[in-house]
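Work through the exercises below with the sequence and the structure side by side, and try each task before reading its solution.

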Amino acid sequence: MPRISAEAKKGVRKRLLETAATHFAQRGLDGASVDAISLAAGFAKGTLYNYFDSKEQLFAAVIEEACRRAVARYGAAEAGDSVRERLQALAAADVAVLREEEGFIKLLVREAMSFRPETFPLILEHLGPFVTKVSEILDQGVAANQIRNDRPISELAVLFVGILSLMFVQHWGTGGAWPQLEQIPDIAVTTFLDGAAHSAPTVRADQ
């Protein structure tokens, strides 16, 4: 029996992730079936276990892929030079991913806000690519005296992601009336920069 090539494995994994995102959005994490995901992706039962050890690991990988896509979109955008412009571009990239996979992003936010011990650490870990990009922007903001320097960058980065998530919840809760998706980047960044992260002439806690 011929061995599957590395490129073919990459394609199978990508297909499994895409199918899993849709399945998780429809069934939730608890209701999702590993065998159903494998079959819906066009593979035999059990195929998924050749790539992921568990349903939870698959869920974490789907989160990571969504974050990676948002960061890739940001990298391809004209972000500008200021912290405000760069954060708005990153938030806009996140909104673009949400438009494509809104059902899964709803599930992700719902899981994050449930604080379940079996999923919350996974969510935090696999939000890493997005949080890291936020941290890079904020570090530059501190250097330019545009961001307060008395709190650790890691805390501020997670706070920004939280504000962005709350804007999504508000959008869904009002049936899209307010804020509309295209308004979210500006509202989230303004709330963050003019409030929690407002520049303060003090020494940062992690220095």
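Helices here are DSSP runs of H or I with at least four residues, strands are runs of E with at least two, and both are numbered from the N terminus. The model is a predicted one.

**Exercise 1. The overall chain**

Task: Find how many helices and how many strands the chain has, and in what pattern they follow each other.

Solution: Begin by counting the elements, which gives nine helices and zero strands. Next, read along the sequence, where the pattern is α-α-α-α-α-α-α-α-α. Then consider the extent of the chain, whose C-alpha atoms fill a box of roughly 65 × 40 × 35 Å along the principal axes. Finally, turn to burial and surface: of the 207 residues, 45% count as buried, while the chain exposes about 10,700 Å², with carbon and sulfur atoms supplying 53% of that area.

**Exercise 2. Contacts along the sequence and the core**

Task: Determine what share of the contacts between residues at least 6 apart in sequence join residues at least 24 apart, and then name the residues with the most contacts inside the largest nonpolar core.

Solution: For the first part, 69% of the contacts between residues at least 6 apart join residues at least 24 apart. For the second part, the largest nonpolar core has 65 residues, and Phe24, Leu58, Leu87, Phe104, Phe130 and Leu138 are those with the most contacts inside it. At least two residues of this core come from each of helix H1 (6–31), helix H2 (34–40), helix H3 (55–76), helix H4 (83–100), helix H5 (102–114), helix H7 (128–143), H8 and H9. To see one member in its setting, take Leu87, which, apart from neighbours within four places in sequence, is in contact with Val134, Ile137, Leu138, Phe160, Val189, Phe192 and Leu193.

**Exercise 3. Two residues of helix H8**

Task: Decide whether His171 is buried or exposed, and set beside it the accessibility of Val169.

Solution: Locate the residues to begin with: His171 is found in helix H8, and Val169 is also found in helix H8. The relative accessible area of His171 is 10%, so His171 is buried, the cut-off being under 20%. Val169 has a relative accessible area of 31%, and because this value falls between the cut-offs of 20% and 50%, Val169 is partly exposed. Now look at the partners beyond four places in sequence: His171 is in contact with Glu102, Gly176, Trp178, Pro179, Gln180, Leu181 and Ile184, whereas Val169 is in contact with Val109 and Met113. The C-alpha atoms of Val169 and Arg110, which are 59 residues apart along the chain, are separated by 9.0 Å.

**Exercise 4. The loop between H8 and H9**

Task: Find which residues the cis peptide bond at Pro179 joins, and which side chain makes a polar contact with that of Glu182.

Solution: Start with Pro179, whose place is in the loop between H8 and H9. A cis peptide bond joins Trp178 and Pro179, with omega at about -10 degrees. Most peptide bonds, by contrast, are trans. Continue to Glu182, which lies in the loop between helix H8 (153–173) and helix H9 (184–196). Glu182 counts as exposed because its relative accessibility is 53%, over the 50% cut-off. Its side chain and that of Arg99 are joined by a polar contact of 3.4 Å. The C-alpha atoms of Glu182 and Ala91 are separated by 10.0 Å, although these residues are 91 apart along the chain.

**Exercise 5. Loop residues with a positive phi**

Task: State where Phe115 and Asn145 are found, and what their phi values are.

Solution: Recall that most residues other than glycine have a negative phi. Phe115 lies in the loop between H5 and helix H6 (120–126), and its phi is positive, at about 55 degrees. Asn145 is found in the loop between H7 and H8, and its phi is near 60 degrees, again a positive value. Check the accessibility last: Phe115 counts as exposed at 58%, and Asn145 is exposed at 52%.

**Exercise 6. Glu101**

Task: Identify the side chain with which that of Glu101 makes a polar contact.

Solution: Glu101 is found in the loop between H4 and H5. Beyond neighbours within four places in sequence, Glu101 is in contact with Ala21 and Arg69. The polar contact is with the side chain of Arg69, at 2.3 Å.

Conventions
Residues are numbered from 1 along each chain as its sequence is written. This is a predicted model: local features need pLDDT of at least 70, side-chain atom pairs count only at pLDDT 80 or more; totals for chains, interfaces and linings use all residues. Side-chain values use heavy atoms; hydrogens and water are left out. Buried means under 20% relative accessible area, exposed over 50%, partly exposed in between (1.4 Å probe, protein chains only). Contact means heavy atoms within 4.5 Å. Accessible areas come from the Shrake-Rupley method with a 1.4 Å probe; for residues, only the protein chains shown count as cover. A polar contact is a pair of N or O atoms within 3.5 Å; within protein, one must be able to donate a hydrogen and the other to accept it, and residues adjacent in sequence count only if both atoms are side-chain atoms. A nonpolar core is a set of buried Ala, Val, Leu, Ile, Met, Phe, Trp, Tyr and Cys residues joined through side-chain atoms within 4.5 Å.
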